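Biologist: Please take a close look at a single chain of this model, from its overall dimensions down to the details of its backbone. I would like one connected account rather than a list.

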Amino acid sequence: MSAPSATAPGKIETPFRRLVSEFVEDRLAVLGAVVLAVILLVALFAPLISPQNPYDLSKLDILDSRLPPGSKSMDGITFWLGTDGQGRDMLSGIFYGLRTSLAVGVFSGILAMVVGMALGLTAAYAGGRTETLIMRLVDLQLSFPTILIALILLAVLGQGVGKIILALVIVQWAYYARTIRGTALVERRREYVEAAICLGLSKPRIIFGHILPNCMPPMIVIGTVQVAGAIALEATLSFLGIGLPITEPSLGLLIANGFEYLLSGKYWISFFPGIALLITIISINLVGDQLRDVLNPRLKR
Amino acid sequence: MTGFAGPTLEVRDLKTHFFTRGGVVKAVDGVSFEIGKGRILGLVGESGSGKSITGFSILGLVDPPGRVVEGEIRFKGENLVDQPEERLRAIRGNRIAMIFQDPMMTLNPVLRIDTQMIEAVQAHHSVSADDARQRARDALGRVGIPSPDERLKAYPHQFSGGMRQRVAIAIALLNNPELIIADEPTTALDVTIQGQILYEVQKLCRETGTSLIWITHDLSVVAGLADRICVMYAGKLAESGPVDDVLDRPLHPYTKGLLGSVPSRNRRGSPLAQIPGMTPSLMSLPDGCAFADRCPRAQGDCRQAVPPMAEILPGRLARCIRPHLEDQA
């Protein structure tokens with residue numbers, strides 16, 4: 001029997017492949033993605049590519065401190081971006097700082113997404129009092145400035161990588177919860193959910209196997225924005241001296257270290273970590289913006 | 001399969017009401033019918049006549065504020081009304097399957113066809129993924145989808161509308177159900193595709209002994225497909241009987257009006273007949289016959305009490321005290 005064929009058989013166009021082909025249409029976004037990839041590689045391989053280990057105190061020489069960019073050390077290493085007050089190579093410091101900043105940002109972003117999705121989906125599906133409780137908590141949290149909540153949390157919790165991740169998760173889960181609840185409320189009314197119920201599938205299967213995958217596009221968009229936000233917030237907290245401890249410096253702490261030298265003309269100690277932070281956040285946002293356009297069904301071309 | 005000899009499905013005096021803030025909506029109000037093994041029943045009515053709610057009631061899928069308030073739904077002798085959710089879930093998609101109107105919407109857009117089909121098998125049978133895939137492949141072959149192996153790896157958006165409805169039917173067939181409820185499954189399709197699908201469905205029912213309830217507003221679909229037909233109006237059955245008798249010589253004035261509203265080639269040029277007035281609100285039905293206000297034959301006593309569903313001719317029931325007996329040969 002003859003039946004109409006939809007696409008040429010053989011090449012199967014997955015949603016992922018379609019996403020990639022639409023993503024590369026914007027050059028700026030591709031630039032952002034490339035820069036972001038380089039930053040990720042640098043962060044990943046920081047110990048291999050750094051000229052020196054900036055936290056091995058035996059490698060530092062106080063005589064090399066506060067050298068301007070391009071100077072050479074006593075034993076012939078070139079400090080391309082200068083050194084800080086302890087004679088630490090700024091380039092190596094930035095590589096290691098990126099590593100910490102990205103790890104904290106990405107890890108807390110993923111954790112917050114998991115927590116937010118679980119609570120948001122529960123709210124959307126359970127309804128009633130559970131929903132009211134969760135969503136009022138979200139409202140309450142979103143009505144306070146994030147920096148204020150983070151400051152209070154860290155004042156109570158104390159310093160440490162685990163603690164700042166916990167603080168960032170507490171600050172950010174609400175954004176995910178609110179977004180996924182909205183999406184899930186729309187999705188659960190869709191006919192494929194009814195069809196899945198008619199197939200006799202179990203409730204968890206329908207929620208996590210059918211509704212959740214359809215809620216992912218906005219989650220990915222929120223995720224990129226929130227990771228950038230988490231990195232910025234962590235830098236802010238570290239700059240204020242209540243974020244990461246001095247043994248695990250992030251970009252924010254590096255900026256804070258050079259702060260006192262800014263007015264004495266030794267701009268590079270704060271300036272270059274600041275530029276690194278800026279580029280990181282801009283590239284994440286460029287990628288996030290394009291993802292939003294590509295994943296938005298209303299802007300489908 | 002059990003050696004149950006009675007009808008596959010027997011619905012007795014089903015009442016599904018919706019308790020809204022504005023009042024009680026009697027969406028289904030005392031509907032009875034039965035369907036034997038391998039038979040096809042056409043459930044016909046306008047939108048809002050309660051035909052879809054009847055289908056959902058059978059599967060126990062009426063959402064609050066609605067619920068089945070009265071009646072029995074006997075599936076192979078077992079009453080499905082007020083069964084626990086777990087029991088109904090074991091029946092849904094396994095022994096009773098459902099096909100929906102819009103094939104664009106009923107497949108999950110982000111999951112591959114094989115994922116969705118394997119899942120449907122494994123929800124009811126503890127078989128390996130490979131066995132489930134084999135079943136899915138067979139089911140796609142049965143509904144006339146060429147090269148099922150490639151198709152299994154595709155996503156719903158890569159299928160045309162007709163192909164998608166075939167996939168939906170294949171999913172319904174996966175677990176060899178004893179009953180399929182099809183809710184206007186060909187309404188969204190081209191007539192040529194509709195014809196193909198009707199042909200396949202009819203063949204499958206004959207071959208497998210699956211009973212089928214075909215819910216539609218399209219009389220021409222039912223004419224070629226069903227054995228028996230039930231015409232619904234305002235939540236009640238207006239008429240039921242063998243499909244040829246009912247369509248050729250309707251007893252109930254509503255059925256006659258419905259048939260007269262279908263544009264026909266023979267009557268081209270003459271003004272199209274239509275039923276005057278509108279469907280009454282299900283919240284405030286008149287005391288007597290719900291159709292009385294639109295009926296050309298209505299007289300005073302039509303408005304006093306709801307006429308009972310009576311066997312006016314052998315095998316033919318109608319809810320009317322002035323049926324079209326003069327047309328009967």
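Modeller: A helix here is a DSSP run of H or I with at least four residues, a strand is a run of E with at least two, and both are numbered from the N terminus. The model is predicted, and the chain I have chosen for the close look is chain B, whose secondary structure comes to 11 helices and 12 strands.

Its overall dimensions come first. The C-alpha atoms of chain B fill a box of roughly 65 × 50 × 40 Å along the principal axes. The radius of gyration is 21 Å, which agrees with the value near 20 Å that a compact globule of 329 residues would have. Of those 329 residues, 47% are buried, and among the contacts in chain B with a separation of 6 or more, 64% join residues that are 24 or more positions apart.

Within this fold, one pair of helices deserves attention. Helix α5 of chain B, residues 129–142, packs with α4(B) at an angle of about 110 degrees, and the two axes are 9 Å apart; the angle makes α4(B) roughly perpendicular to α5(B), because angles from 65 to 115 degrees are placed in that class. On the side of α4(B), the residues that meet α5(B) are D114(B), M117(B), I118(B), V121(B) and Q122(B), and their counterparts in α5(B) are A129(B), A132(B), R133(B), R135(B) and A136(B). By class, this contact has six nonpolar residues, one polar residue and three charged ones.

The helix α4(B) also leads to the neighbouring chain. The contact between the two chains takes 34 residues from chain B and 21 residues from chain A. On the side of chain B, α4 (113–122) is one of the helices that each supply at least two residues, together with α2 (85–91), α3 (103–106) and α7 (161–173). That side of chain B divides into 18 nonpolar, 10 polar and six charged residues.

Three places in the loops of chain B concern the backbone itself. For such places the background is that most residues other than glycine have a negative phi, and most peptide bonds are trans. The peptide bond from P64(B) to P65(B), however, is cis, with omega near 10 degrees, and P65(B) is found in the loop that runs between α1 (51–58) and β4 (66–75) of chain B.

The other two places have to do with phi. N176(B), which is not a glycine, has a positive phi of about 45 degrees. Its place is in the loop between α7 and β7 (179–183) of chain B, and the helix at the start of that loop, α7 of chain B, is one of those that supply residues to the side touching chain A. N176(B) itself is partly exposed, with 14 other C-beta atoms within 10 Å. A234(B), again not a glycine, has a positive phi of about 50 degrees, and this residue sits in the loop between β9 (228–233) and β10 (236–242) of chain B. A234(B) has 23 C-beta neighbours inside 10 Å and therefore counts as buried, since the cut-off for that class is 20 or more.

As a short comparison from the partner chain, consider a helix pair there. Helix α9 of chain A, residues 203–239, and helix α11 of chain A, residues 268–295, have axes that come within 8 Å and cross at roughly 165 degrees, which makes α9(A) roughly antiparallel to α11(A). The crossing in which α9(A) passes α11(A) is left-handed. Among the residues that make this contact are P217(A), I220(A) and V221(A) of α9(A), and L277(A), T280(A) and I281(A) of α11(A). The contact of α9(A) with α11(A) has 15 nonpolar, four polar and one charged residue.

Methods: Residues numbered from 1 in each chain as written. Chains lettered and ligands numbered in written order. Predicted model: local features only at pLDDT ≥ 70, side-chain atom pairs only at ≥ 80, totals over all residues. Axes fitted to C-alpha atoms, helices over the stretch in contact; angles between N-to-C directions. Parallel < 35°, antiparallel > 145°, perpendicular 65-115°, else oblique. Left-handed = near helix turned anticlockwise from the far one by under 90°. Contact = placed C-beta atoms within 7 Å. Nonpolar A, V, L, I, M, F, W, Y, C, P; charged D, E, K, R; others polar. Rg over C-alpha atoms; globule rule 2.2 N^0.38 Å. Buried ≥ 20, exposed ≤ 12 C-beta atoms within 10 Å, placed from the backbone.
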